[in-house]
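Reader: I would like a close look at one part of this structure. Please pick a single stretch, explain how its residues are described, and then connect it to other places in the chain.

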Amino acid sequence: VQQLLFKNPSDPPMVFHWFPFIGSTVIYGMDPPKFFKDNRAKYGDVFTFVLLGKKTTVAVGPAGNDFILNGKLKDVNAEEIYSVLTTPVFGRDVVYDCPNAKLMEQKKFMKIALTTEAFKSYVPIISHEVTSYFKRDPAFKGKSGIVDIPKKMAEITIFTASHALQGSLIRSKFDESLADLYHDLDMGFTSINFVLHWAPLPWNRKRDHAQRTVAKIYMDTIKERRALGEDDKELDILKHLMKSVYKNGTPVPDHEIAHMMIALLMAGQHSSSSTSSWIMLRLAQYPQVVEDLYQEQVKALGADLPPLQYEDFAKLPLNQAIVKETLRLNAPIHSIMRKVKQPMPVPGTKYVVPSSHVLLAAPGVSGSDPTYFPNPDKWDPYRWLPGSPNAPLMAQNNDEEEKIDYGYGIVSKGAASPYLPFGAGRHRCIGEHFANLQLQTIIAETVRMFKLSNVDGSNNIVGTDYASLFSRPLEPAKIRWERRD
Ligand code: HEM
């Protein structure tokens, strides 16, 4: 009755709930994509639900993506939502613990290090990390076996990314203590910490201890690298940050470099590790695709399969399509939130989102909408290749789109696309090209060594774990591997 009586006609429709603070928290948390789909069918593209006491307005579809992700600084704010979770994990003065203009400068520093020249040097590093992992890990001994794949992909992701992006000194420290500390830091990202981030609970104490210890590891590494001087030949992000200077002339302080490195480690690794696990599970679901990928390499690169190089990936369209298609259905970031700073009329509707609300974008909804993707629930990498009956019904080349510079580099202005696994606007991902390169190298090396299939020979797939900020496959998620002759 209260929900009906006190409704302002310009408020978006409210998802029905029984209990005031809890609202729809539990049902949303169990399966966010299903929650969005069900309520979109009932209420349309714009609706509000109560998430832990906060009125949260969802706007889906390309127009909703654009409305939220391209929101102006005066209208929407990310740091007021995320900093309670991220500042204890990353540390002070970076990302969401500073004004947005400073974040844009920090993103620019990090992005400039992600050049084609650097990428060319990363491919052999990533290839080496993947192949030597498969050689030394006991789970891959012998001719065939069964493996719980997310754990292995988490390790491969951390070894490949830490070596390529953060340099060999940091990579060597991952063999020692960093991996355990990373797990403790990760505990800070459980959704419950949106409410309990401050509480002196055991996992928060571990998180704080890990943050201090990891930051010190980075700061010590910075000193070691400075001492190397000209002998430091690596082209990684750490090196670039050590040379970066803010517009006001201040060099980036060591503690900020350390905290940005933690942010990169957490932001990148989570998404890439979840995606690489989904990729392996999808390949096990469809063993024929593994064969097609192998043949693609034989045809494009030669039967002796020479060491992979950066330029090779342009010749491997199916390899690329695997990443695209997996991110369409299993994007690790299902909800992107912003605090509303002043009433925001939703274009093309009668609704105005009040300033007390939080906005939530869910690009995954349009990514699995039959309007844009025929047979949307089918994982079909071939849909991204020419001539497929399931080809996406959207423009795939955005060269003509209007561009904008938010301060971290030039990006497409419009966010009105149905396919946005890397977000859009001022908070758009800077790691997209690196993640693509890393994932494509992992796929290419894996299919060179193994055939994959489901343990029971079926083409089933496990469910999704939504307990943390980043979604991932529910564990255990076992697959069968067989070594190629
Ligand atoms: C932002 C996805 C890998 C660094 C984002 C956002 C998304 C995303 C959706 C926008 C978040 C928002 O608007 O609130 C992904 C996916 C990845 C991936 C799907 C892999 C498959 C990486 C990697 C790095 C990285 C490898 C680092 C090298 C960042 C950073 C931001 C970001 C720094 C900016 C946050 C902001 O400006 O608020 N990513 N990401 N990501 N990502 Fe990624």
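Author: V95 is buried, because 25 other C-beta atoms lie within 10 Å of its own and the cut-off for a buried residue is 20 or more. The model is a predicted one. V95 sits in the loop between helix 5 and helix 6. Its phi is positive, about 50°, although V95 is not a glycine.

The loop has another residue to look at. D93 also lies between helix 5 (79-90) and helix 6 (100-112). Phi of D93 is positive as well, near 70°, and D93 is a residue other than glycine. What about its surroundings: is D93 buried, exposed or partly exposed? D93 has 16 other C-beta atoms within 10 Å, so it is partly exposed; that count falls between the cut-offs of 12 or fewer for exposed and 20 or more for buried.

A positive phi turns up elsewhere too. L52 takes one near 45° in the hairpin of strand 1 and strand 2, where two residues lie between the strands. Strand 1 (residues 46-51) and strand 2 (residues 54-59) are antiparallel and paired over six bridges. Within that pairing, F49 has T56 of strand 2 as its bridge partner. T56 also has a bridge partner in strand 8, namely V358. Strand 2 and strand 8 (residues 358-361) run parallel, with three bridges between them.

Another loop shows a backbone feature of its own. The peptide bond joining E475 and P476 is cis, with omega about 0°. P476 is in the loop between strand 13 (472-473) and strand 14 (478-483).

Back at the loop of V95, the helix that follows leads to the ligand. Among the 25 residues around the ligand, those that come nearest are G268, S271, G423, C429 and G431. Helix 6, helix 13 and helix 17 are the elements that each give two or more residues to this shell. Helix 13 supplies the largest share, six residues. By type, the shell holds 16 nonpolar, seven polar and two charged residues.

Helix 13 (254-285) and helix 17 (432-449) appear once more, since the buried residues of helix 15 pack against them, as well as against helix 14 (287-301) and helix 16 (363-367). The buried residues of helix 15 include I322, V323 and L327, and also E325 and R328. Helix 15 (residues 317-330) has 14 residues, so at 1.5 Å a residue it should span 20 Å; its end C-alpha atoms are 20 Å apart, which agrees.

Notes. Residues are numbered from 1 along each chain as its sequence is written. This is a predicted model: local features need pLDDT of at least 70, side-chain atom pairs count only at pLDDT 80 or more; totals for chains, interfaces and linings use all residues. Helices (H or I, at least four residues) and strands (E, at least two) are DSSP runs, numbered from the N terminus. The expected span of a helix is 1.5 Å times one less than its number of residues. Two residues are in contact if their C-beta atoms, placed from the backbone, lie within 7 Å. A residue is near a molecule or strand if its C-beta atom, placed from the backbone, lies within 6 Å of it. Ala, Val, Leu, Ile, Met, Phe, Trp, Tyr, Cys and Pro count as nonpolar, Asp, Glu, Lys and Arg as charged, and the others, Gly among them, as polar. Two strands pair if DSSP finds at least two bridges between them.
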